[in-house]
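Open the model in your viewer and keep the selection tool ready. The stops below go from a single residue to strands, a helix and the cores.

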Amino acid sequence: MSFFDKFASKLKEGIDDIKDKIDHKDEQRPEGESYNQQYQEQEYQRPPQEYQQPPQEYQRPPEQEHRPPPKHDDKEGQSNNRFRSFAPQRSGNNAKWFVDGCGYMWAVSVAIEEARESIWILDWWLSPELYLRRPPSQNEQYRVDRMLLAAAERGVKVNVIVYKEVSQILTLCSEHTKHALEQHPNIAVFRHPDHAPSGQVLESGIASTLENLSFNPLKLAKLPGDGLKALYGETDNIILYWAHHEKLCLIDGRTAFMGGLDLCFGRWDTNSHPLADAHPIDVNKALFPGQDFNNARVYDFEDVTNWDKNKLDRLTNSRMGWSDLSLCLQGPVVEDIRAHFAQRWNFIFKEKYDVREKKYGGLMLRGEDIPDGYYQQDGTNVAGADPGRDDQQGVSVQLVRSCTKWSNGVATEHSIANAYIEVIQNSRFFVYIENQFFITATGDKQGPIKNQIGAALVARIVRAYQAGEPYKVIVCMPSVPAFAGDLHADDSLGTRAIMEFQYNSICRGGHSIMEEIQKAGVPDARQYIRFYNLRNYDRINGGAARTNIEQESGVNYEDARREHDDMVGAGYDGRGYQTGAREGQYNREYDQYQQAASQSQDSQFDTVSACYMEGGPSITDIPFSGSEEEEMDAFVSEELYIHSKVLIADDRTVICGSANLNDRSQLGSHDSEIAVVIQDNDLIDSSMAGQGVQVSRYAASLRRQLFRKHLGLLPDQDCTRPDENFLPLYQAGNAYDWGSPSDNAVADPLSPEFDDLWNRTASTNTAIFSRAFHPVPADNVRNWQEYESFYGSLFFDKKDDNGKVTEKATYAYGHVVKEEFGGGVRELKDVLAGVRGTLVEMSLEFMRDVDFAVEGLKLNAFTDDVYT
């Protein structure tokens, strides 16, 4: 369900709650009643994929000539630090990367388990029921809520800040997070910001106006400002559309985990990103229990308590893989991270909890936490303080952020955007960007977009062309935003709007990056900058393997699986499917099914995702228990969703954190974000365009690890066999196989050999997926007629004006287009055997011949700014 559809269905419900919000009744509970008692009977809504809300009206700037991007000057804090960050560069640090959630969350679990003093967490969304180690059946103590409670019981102080969503729009259910975690006096959870409208809005009669409004996407796009204020609230004349988007876990004030990964459902994944999670031979092998099995392109949960209405059928559907990146830090930079958290905590405490909630208190840093006197004890900066000179020893790390008065109680800071621009401008050989979004401007002619990262890319590429220097930019991003539905449907207006903004940033609209490069005289922009997506496939283990056991046991597999998920407590409040199944008791469906399954000799291949990884088997050699027709129906494909937020320049500099490449994350006045700029002084020999250079060990190993994963040049990751890359930094650094054949293949990103490997892999994978699954976006789909012929008519039901299905879809979403394979499943497997890794080309011709969004979206600042 799209943002607009959700907005329409929930808006009226919110009007009745406005006065309650002003009185803060949303966080009160009856005297003497426990959190569990109060919330036992309430229903909670399954959060959608990560999404954030809209800004104020934007006045388009005057038309000006394109020029290299200036630094922002919108009432910015006057710091003298590099990038105008509140924090200085710090040398003498250690850093470790974690590619994907499997190793990262294991390392976080180790650190939480060993915490002795404090655990400080910032998250956009935190799921108390999330398992940090898998499979859950073997790791029940490693659920987030259980780990934090155990820490609190041994005397650790736990402080958590989560984004307080507009409940009528987003279903993050931060209220549940707060009350599920606050089960011990040592655990305190703040939600921010409050979305209480001003008295002026209430007196304006906007509530009655909204109640009488006939909702549809275009009318919502024209909703007046008072209507938005009634939903979001305002402070200092700023409507609170924005989100706290940071991701941080700080252990004992010494070890920091941060990056793109929230501790929430849908984020845990291995490097091969299996799409299938049906385990008919052993239900206990499930990796993604309950709500953690999710595909936002298929269905967005609305009511998690009604599992029969909203749970994704894992015997038919795939999940969506989640490609992400986080890191671990130790050293002097942690002083700045401590100060930032204390600033956030104390600002929210004074604004919201100081008067109403006497059980909470502020945070005070100890003298040992601020050895150079750069911060006050409450985390605020000391004016004129000198942190000392950066001596360039060890790993140099600088904390940068996006924040302002509403989010942090400080002057606007956008040092992340400053860092992006400056690092791009100063890069010598290449820039690699991997990000969830790519919305940026090349100058002042692309309103409402303000951030000038695109302009920096244009200027640097044009300079390289004019100087005759080798230079390259590679960008990996999602093919489609993670929202459900047919792109042609009215409720996908929001998805189409985001995609249109991205295409206008990349290659369309007259002022895009590629167009501006070619205006400057570069014959072919693609020689300098290319865009890519990720996609993978899998096979659901069903057929005879499941039906034989069902017949033997007299139990449906899904019934046994639901009892298993309830046994491990995979739903809100541990209720999940409400089967009543619990560990330590007889659970009929689960026990009978497992007993019969233990005697089965059928196929154990519950996923085939190892087939496109290094050293994996060929899909042609993988057996299947069932008919050829059943096996054909078992293959599924989905985009691999990129959620990383990283820039790597010249294998010398890394920018990594929570910030997307869009205005929401980069301007400072919108979403709150944190990131770090890392420059490792441990240099190793390498090459760029065949030229001998020195690069940093940290940046080079991270970039090569990412490239090898996308190319299928890493072995499949076994989540039950942890190695050094599953451990926190203080136990082990990164393990990387320098000098291996696969490492050498990606060492020089400007070499002809690498260019051929990268683009040939992307081209081959794209062609195979296009034939087998007909995914969109696709270059052969340039208008709605081609969309319907190639994709829409195959995978979506036709409906009349009343929503009644008049013609069923030919295939289930994400499944094989059988008419492409006259030779049946054997031909399909022969073709799929050619897939290596997950890299595919980004379609830049998709829907080029039509207005992909609609003109109505451009009539209102709400619809412009909400998506940028």
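Select asparagine 587 in this predicted model. Asparagine 587 is buried: its relative accessible area is 3%, and the cut-off for buried is under 20%. Look along the chain around this residue. Asparagine 587 sits in the loop that runs between helix H19 (557–567) and helix H20 (588–597). Now show its side chain. One of its polar atoms lies 2.9 Å from the backbone oxygen of arginine 582. Leaving out residues up to four places away in sequence, asparagine 587 touches Glu563, Met567, Gly580, Ala581 and Arg582.

Next, select strand E14 (472–476). How many of the five residues of E14 are buried? Five of the five are, so the strand is largely enclosed by the rest of the structure. In a regular strand, side chains alternate between the two faces of the sheet. Check each side of E14 in turn. Lys472, Ile474 and Cys476 are buried on one side; Val473 and Val475 are buried on the other.

Add the partners of E14. E13 pairs with E14 in the parallel sense, over five bridges. Find phenylalanine 430, which stands opposite lysine 472 in E14. From E13 the chain crosses through H15 to E14, and this β-α-β crossover is right-handed. E15 also runs parallel to E14, joined by four bridges. Here isoleucine 474 stands opposite arginine 530 in E15.

Now select the crossover helix, H15 (residues 453–467). Put a distance between its end C-alpha atoms: they are 21 Å apart. That agrees with the span expected for its 15 residues at 1.5 Å a residue, which is 21 Å. Colour the buried residues of H15, among them Ile453, Leu457, Arg460, Ile461 and Ala464. What do the buried residues of H15 pack against? Their neighbours are helix H14 (415–426), strands E13 (430–435), E14 (472–476) and E15 (529–539), and helices H17 (513–519) and H22 (663–666). Step just past H15 to glycine 468, where phi is positive, about 65 degrees.

Finish with the cores. The largest nonpolar core has 72 residues. Those with the most contacts inside it are Met258, Leu329, Val654, Ile678, Leu702 and Trp758. Helix H12 (residues 333–353) supplies the largest share of this core, eleven residues. Another core, of 61 residues, lies apart from it and includes Tyr471, Ala659, Ala675 and Val817. Last, select isoleucine 678: its contacts include Leu327, Leu329, Val395, Val397, Val654 and Tyr698.

Technical notes
Residues are numbered from 1 along each chain as its sequence is written. This is a predicted model: local features need pLDDT of at least 70, side-chain atom pairs count only at pLDDT 80 or more; totals for chains, interfaces and linings use all residues. Side-chain values use heavy atoms; hydrogens and water are left out. Helices (H or I, at least four residues) and strands (E, at least two) are DSSP runs, numbered from the N terminus. Buried means under 20% relative accessible area, exposed over 50%, partly exposed in between (1.4 Å probe, protein chains only). A polar contact is a pair of N or O atoms within 3.5 Å; within protein, one must be able to donate a hydrogen and the other to accept it, and residues adjacent in sequence count only if both atoms are side-chain atoms. Contact means heavy atoms within 4.5 Å. The expected span of a helix is 1.5 Å times one less than its number of residues. A nonpolar core is a set of buried Ala, Val, Leu, Ile, Met, Phe, Trp, Tyr and Cys residues joined through side-chain atoms within 4.5 Å. Two strands pair if DSSP finds at least two bridges between them. A crossover is right-handed if, with the strands pointing away from the viewer, the path from the first strand over the helix to the second runs clockwise.
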